[in-house]
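Dear colleague,

I am passing on a structure that you have not worked with before. Please have a look at it, and then read on for a short account of what was found.

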Amino acid sequence: MMTNPVVTFLKTRNGYTFEEGAAVFAMYTKDRNAVERVRRSGDIKLLQHELKKLAHVPGLKPANGNTAPIVPKETVSAPNPTESVPKTEEIVPVEQKEDKSDVSEGEKNTTFAELNYYKFTRYEDMPTAETQQLWLRNNDRWHQKIDLYAKMKLMPEGHELAKVRKELVELSREHRECWKLIDEKCCEFFAKKDNPDPEKPSFNISTYRTYICEKANLETMTDKQFLEVQRRVDAMAQAGIALSEETLKKLREKGIKC
């Protein structure tokens with residue numbers, strides 16, 4: 001009779017970290033909403049409860065054919081919630097859906113700070129074009145992380161595995177920081193919606209143009225640079241100020257809408 005892999009994990013990984021346990025839970029459960037709920041809670045007791053339930057499932061196999069190995073402790077950092085109530089770094093996969101039919105009329109009229117963050121995790125929940133762009137960039141990172149897990153499965157211990165592991169750690173850091181930035185931008189949007197500004201600030205055309213051209217020539221941009229470039233490009237376009245075709249081409253190649 002096949003041994004339940006979660007039972008094996010619980011027996012061999014006494015004192016496992018939250019991230020190790022969450023990775024195993026995500027690997028073997030088909031309930032993606034439950035995965036998101038556990039990751040965002042950061043609650044080790046809730047995670048232990050879910051793992052114990054899986055430990056009683058006969059013939060348990062990886063969900064969606066995922067056979068990636070359990071990530072060693074050094075590949076991920078300790079839980080570092082970046083959202084209120086609280087929230088960790090993981091983003092909702094594309095296929096994940098959430099039932100929002102139970103939102104009452106009174107809740108719809110509350111400010112963003114009073115709303116549950118769980119309701120703002122899907123692409124269609126992103127309130128602005130910039131948060132949608134960030135969501136897509138981070139969703140790419142999510143799938144890259146899945147690919148790296150699968151790649152690690154086929155590699156023996158050694159220098160090459162260490163390189164892939166280091167890449168995964170860095171990708172996880174970028175993924176976590178981008179989600180935090182998404183939250184900040186959502187907060188800003190709803191704060192302005194609750195307290196709209198009567199006037200729009202002016203800007204220095206030369207400064208904006210210089211910044212945009214400098215970042216267009218970079219090989220890669222951080223998420224914050226990406227958002228700032230998009231904001232300045234939009235401001236220039238709204239003011240009717242043209243950029244060179246060469247600059248526009250470079251910006252489009254980097255995902256900037258112009």
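**What was found**

Cys 186 is buried, its relative accessible area being 1%. Cys 178 is likewise a buried residue, with a relative accessible area of 0%. As for pairing, Cys 186 takes part in no disulfide, since the nearest cysteine sulfur, which belongs to Cys 187, lies 7.1 Å away, and a disulfide would need the two sulfur atoms to be within 2.5 Å. By this rule, the count of disulfides comes to zero.

Please keep in mind that this is a predicted model. The protein has 10 helices and zero strands, and 42% of its 258 residues count as buried. The exposed surface of the protein amounts to about 14900 Å², of which carbon and sulfur atoms supply 53%. When contacts between residues at least 6 apart in sequence are considered, 73% of them join residues that are at least 24 apart.

One residue that illustrates such contacts is Met 236, which is found in helix H9, spanning residues 223-238. Met 236 counts as buried because its relative accessibility is 0%, and, leaving aside residues up to four places away in sequence, Met 236 touches Phe 203, Ile 205, Tyr 208, Arg 209, Ile 212, Ile 241 and Leu 243. Of these partners, Phe 203 is 33 residues from Met 236 in sequence, while the C-alpha atoms of the two are 9.2 Å apart in space.

With best regards

Methods
Residues numbered from 1 in each chain as written. Predicted model: local features only at pLDDT ≥ 70, side-chain atom pairs only at ≥ 80, totals over all residues. Heavy atoms only, no water. Helix = DSSP H or I, 4+ residues; strand = E, 2+ residues; numbered from the N terminus. Buried < 20%, exposed > 50% of the residue type's maximum accessible area, 1.4 Å probe, protein only. Contact = heavy atoms within 4.5 Å. Areas by Shrake-Rupley, 256 points an atom, 1.4 Å probe, with all protein chains shown as cover.
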